[in-house]
Amino acid sequence: MPTSVFVPAFAKINLTLSVLGRRPDGYHDLASVMQTISLHDTLRITTGSDEEITCDCDAPELRSPENLAPRAAHLLRATMDETMDETMGERGVAIELRKEIPAQGGLGGGSSDAATVLVALNTLWGTGHRVARLEELAAVLGSDVPFFVRGGTCLISGRGEVVAPLPEAEPLWLMLAKPPVRVPTGAVFRALTPTDYGDDGATDAVVRAIRAGAPLPFARLANTLEAGVFHAYPEVAATRDALREAGAPLVRMSGSGPTLYAPFRRLGEAAAVYARARADGMTVWLCRTVPADEVARSRPAV
Ligand code: C5P
């Protein structure tokens, strides 16, 4: 009897993103505090007894074997081939993916889809890998994918694949705005010069506050990639200015952009800015932070 579950794949924001320097392998060393948020894609995962892995998506351009979600399923099944009797258990899956997180927006949508498939199938197929092994597999798919194996609030280092869970950060309302432009991640990193590299002071300050259970120090939220993106893509800087004019006290970019976020402690303030931004024709979302235990509860239980 096939099992069929609906699972949300939450987006993330970078509360901080410090780029420390370029590595010999072409990637950059990072220090970042990442946080899952309530904006999410929805996956329906239906196991099957044949060998087939399929993925249907409501966004036609993402209906491809290159999509990270079916690739995650193939990767996990390759580990079954190593360890399990091929005649045992279910080894196929039909994935249906309803996109809500804008693709290539700096919110980790594709990465979250992939990690969610890994974690859900690890239970449904009975692969039984531990979190550390799932994070290793996730790193093969992309730098951001390991974070989403657990989600919540985490300190990220290396090229993004080294994940240390933190206590839950202060719960916040968030307004997101997506400027009308595509920003390729690779190009943003390649445009950095050594003068852009900084230390991890902002990330350290935010981590210390989170570990102390203190309110998030909004003034220390920072993203090394922002200046270059604001300069190269005036649409992003214009959206930031429009959000400030709509009343957002603080606006930051998530990841390599272009999506911007504004954090709020009170729903009333967030809702007022959201309403003004919408009336101005901006593409906006009003959402909230999601802690790791909520991410865990949203997935199939072992
Ligand atoms: O790992 P992922 O495929 O998500 O990264 C996309 C691109 O972003 C990489 O090809 C690389 O150019 C850049 N990148 C980087 N340093 C990182 C992460 C990504 O230079 N830590």
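Strand S2 (28-48) and helix H5 (185-190) each put at least two residues into the shell around the ligand, with helices (H or I, at least four residues) and strands (E, at least two) taken as DSSP runs numbered from the N terminus. H5 gives the largest share, three residues. This is a predicted model, in which local features need pLDDT of at least 70, side-chain atom pairs count only at pLDDT 80 or more, and totals for chains, interfaces and linings use all residues. Residues are numbered from 1 along each chain as its sequence is written, and side-chain values use heavy atoms, with hydrogens and water left out.

The residues around the ligand (those with a heavy atom within 4 Å of it) are Gly26, Tyr27, His28, Leu30, Ser143, Arg159, Thr185, Gly186 and Phe189. As for polar partners, an N or O atom in the Ser143 side chain comes to 2.5 Å from a ligand oxygen, and a polar side-chain atom of His28 lies 2.8 Å from an oxygen atom of the ligand. A polar backbone atom of Arg159 sits 2.8 Å from a ligand nitrogen. On its own the ligand has 450 Å² of accessible area, and the protein covers 71% of that (Shrake-Rupley method, 1.4 Å probe).

Back in strand S2, there is also Asp41. Asp41 counts as buried because its relative accessibility is 0%, where buried means under 20% relative accessible area (1.4 Å probe, protein chains only). Its side chain makes a polar contact with the Lys99 side chain at 2.6 Å; such a contact is a pair of N or O atoms within 3.5 Å, and within protein one must be able to donate a hydrogen and the other to accept it, while residues adjacent in sequence count only if both atoms are side-chain atoms. The Asp41 side chain also reaches the backbone nitrogen of Ile101 at 2.8 Å.

Definitions and conventions
Buried < 20%, exposed > 50% of the residue type's maximum accessible area, 1.4 Å probe, protein only.
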